[in-house]
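Biologist: Hi! I'm new to this one, could you walk me through it?
Modeller: Happy to, let's bring it up and chat as we look.

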Amino acid sequence: MPLPCRRTIRRVMALTLVLAWLVAGVGRLAAASPLDATPVEGGAFFKQADAEALGFAIRNYADGPTFYDAYLRFGGADTLGPPVSRPWIADGGFAYQLTQRALLQWSPTDQQVGVANIFELLDGIEFADELRARHIPDAEAPPPLSPNLAQQARLAWLTDRAIADTFANNPLQLGNQDASIEFHGLPMSRPVRAGPFVIQRFQRTALQHWVEQVDGGPPVGSVVLVNAGDIYRDLALPAEVLALPHQPDHAAVVDVRLDPPDDAGLAPAAVASRAYNTSSHRLRTALALLEGVEANLAALELAASTQLVIEFHVLPESVLASFNAASGIQVNTNLRDEAPLPLAAVLAHELQHFEDFMLGQLGEDSQSCLDAEVRALTREIQTWRALVDDHGLPPRPSVLVRIETSRASIYQEGSTAIEELARFLYQEACDKPLTAQAKG
């Protein structure tokens, strides 16, 4: 419901940090355009552009695959692209779902979802010509060595510097070799030049390093994930029904062991994602992370029930985000490429202000303003610590990640240190007349 305008509360950071954040760049996967999704029971639904009201959902299932949790863990739509198939169960009770760039696999033994070895599954003579037509290099025979030595020998095939850097900069843990192998698998080929790019095949992904500019192509120097899920769907999907888009409320998992394939009878996870008023999948992913931090649940419930607007918006460079009772929570558009984890901490800060507003706890004098910022900083830092404990630090050490990490260090020094941080960041803004604050 609409809320009457009372005041605007903003988050600011030192200008030097803002400038560093705007120009900072590290080698990483080229970001996909933010993809919008609709919350559904157990996960999210992605509408296909060419299918009216139809698309694919990715969900958690009660006592079954937790595809949505894994999807968020691996970076969501920005890393994996949208889901491009229905989920299915195959031999051995293993469950699968395709995304645009990967095949997710759930094991009934350890109840975990990982990235399947999609290019090993396609390593048959029947697929060879089709893979070559898509510029996927032929697989090389693994060296006849012990498993450990063979792994090291295959990792030595990472001779293209940009591809090697992107391999190391995996979505799970930056620079961790085991995490890189968990996501990409081991190299199945050496880097091969194919027209305007160099491509290397891995067990689970393929990476393109663009070395020539072509019309409509990525910038020179970009490294992008090949749409391996699309390739698998076109060449090897075990049943035609799996590629048919569906309505948002369709939640069936298809058992392809049946003839003909039919509903396996798995139910979506009982706890549905709240329906937040945002068009951004990235912000919705951050809000989903916040649902795992108990301190934010009251504010999240209020935000969902009042349909508080939460969107990216053009803000001054010195402002990360703001809450205004009339316009909701606005996050600086310069944060669109940030990982969901630090975005969640930003949202936790603003949601504390929103909760204070709804409870009538926002005073109009300078000290009340500073007290509100202390509460918001405390919620932000507690949320950041909880998320890092559960998910680890984001692999890309952006300036925003460093800010949150620095604030967490200050938090360890006690309440006085947080109060001093609030005065340093917000004293000038809190000293402004109320009318000036409301105008922002």
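Biologist: Is arginine 193 buried, exposed or partly exposed?
Modeller: Arginine 193 counts as partly exposed, because its relative accessible area is 48%. For that term, buried means under 20% relative accessible area, exposed means over 50%, and partly exposed lies in between, with a 1.4 Å probe and protein chains only. Keep in mind that this is a predicted model, where local features need pLDDT of at least 70 and side-chain atom pairs count only at pLDDT 80 or more, while totals for chains, interfaces and linings use all residues. Residues are numbered from 1 along each chain as its sequence is written, and side-chain values use heavy atoms, with hydrogens and water left out.

Biologist: Which side chain does arginine 193 meet in a salt bridge?
Modeller: That partner is glutamate 212, at 2.6 Å from N to O. A salt bridge here is a side-chain nitrogen of Lys or Arg within 4 Å of a carboxyl oxygen of Asp or Glu.

Biologist: And where do those two sit in the chain?
Modeller: Arginine 193 is in strand β9 (residues 192-194), and glutamate 212 is in the loop between β11 (206-210) and β12 (223-225), so the pair links distant parts of the chain, 19 residues apart. Helices (H or I, at least four residues) and strands (E, at least two) are DSSP runs, numbered from the N terminus. Glutamate 212 is partly exposed, because its relative accessibility is 39%.

Biologist: How many salt bridges does the structure hold?
Modeller: There are 15. One of them joins arginine 257 and aspartate 255, with the closest N and O atoms 3.0 Å apart. Arginine 257 is partly exposed at 44%, whereas aspartate 255 is buried at 9%.

Biologist: Which residues are joined into one network by salt bridges that share partners?
Modeller: Glu130, Arg134, Asp230, Arg233 and Asp234. Within that group, arginine 233 and aspartate 234 pair up with their closest N and O atoms 3.4 Å apart. Arginine 233 is partly exposed at 25%, and aspartate 234 is partly exposed at 47%.

Biologist: Switching to rings, how many aromatic pairs are there?
Modeller: The structure holds 7. Rings of Phe, Tyr and Trp (its six-membered ring) pair if their centres lie within 6.5 Å; planes under 30 degrees apart count as stacked, over 60 as edge-to-face and the rest as tilted. Phenylalanine 74 and phenylalanine 183 make a tilted pair, 5.9 Å centre to centre with 45 degrees between the planes. This pair links distant parts of the chain: phenylalanine 74 lies in the loop between α2 (67-73) and α3 (76-80), and phenylalanine 183 in helix α8 (residues 177-184), 109 residues apart.

Biologist: Why does phenylalanine 74 count as buried?
Modeller: Because its relative accessibility is 0%. Phenylalanine 183 is buried as well, at 1%.

Biologist: Got a stacked pair to show me?
Modeller: Tryptophan 88 and tyrosine 96 are stacked, 5.6 Å centre to centre and 25 degrees between the planes. Both of those residues are buried. Ring pairs also link Phe323, Phe354 and Phe357 into a cluster.

Biologist: How many residues of helix α10 are buried?
Modeller: In α10 (residues 281-290), 10 of its 10 residues are buried. Among them are His281, Arg282 and Arg284.

Biologist: Last one: where is glutamate 413?
Modeller: Glutamate 413 is in the loop between α14 (399-411) and α15 (415-430). With a relative accessible area of 62%, glutamate 413 is exposed.
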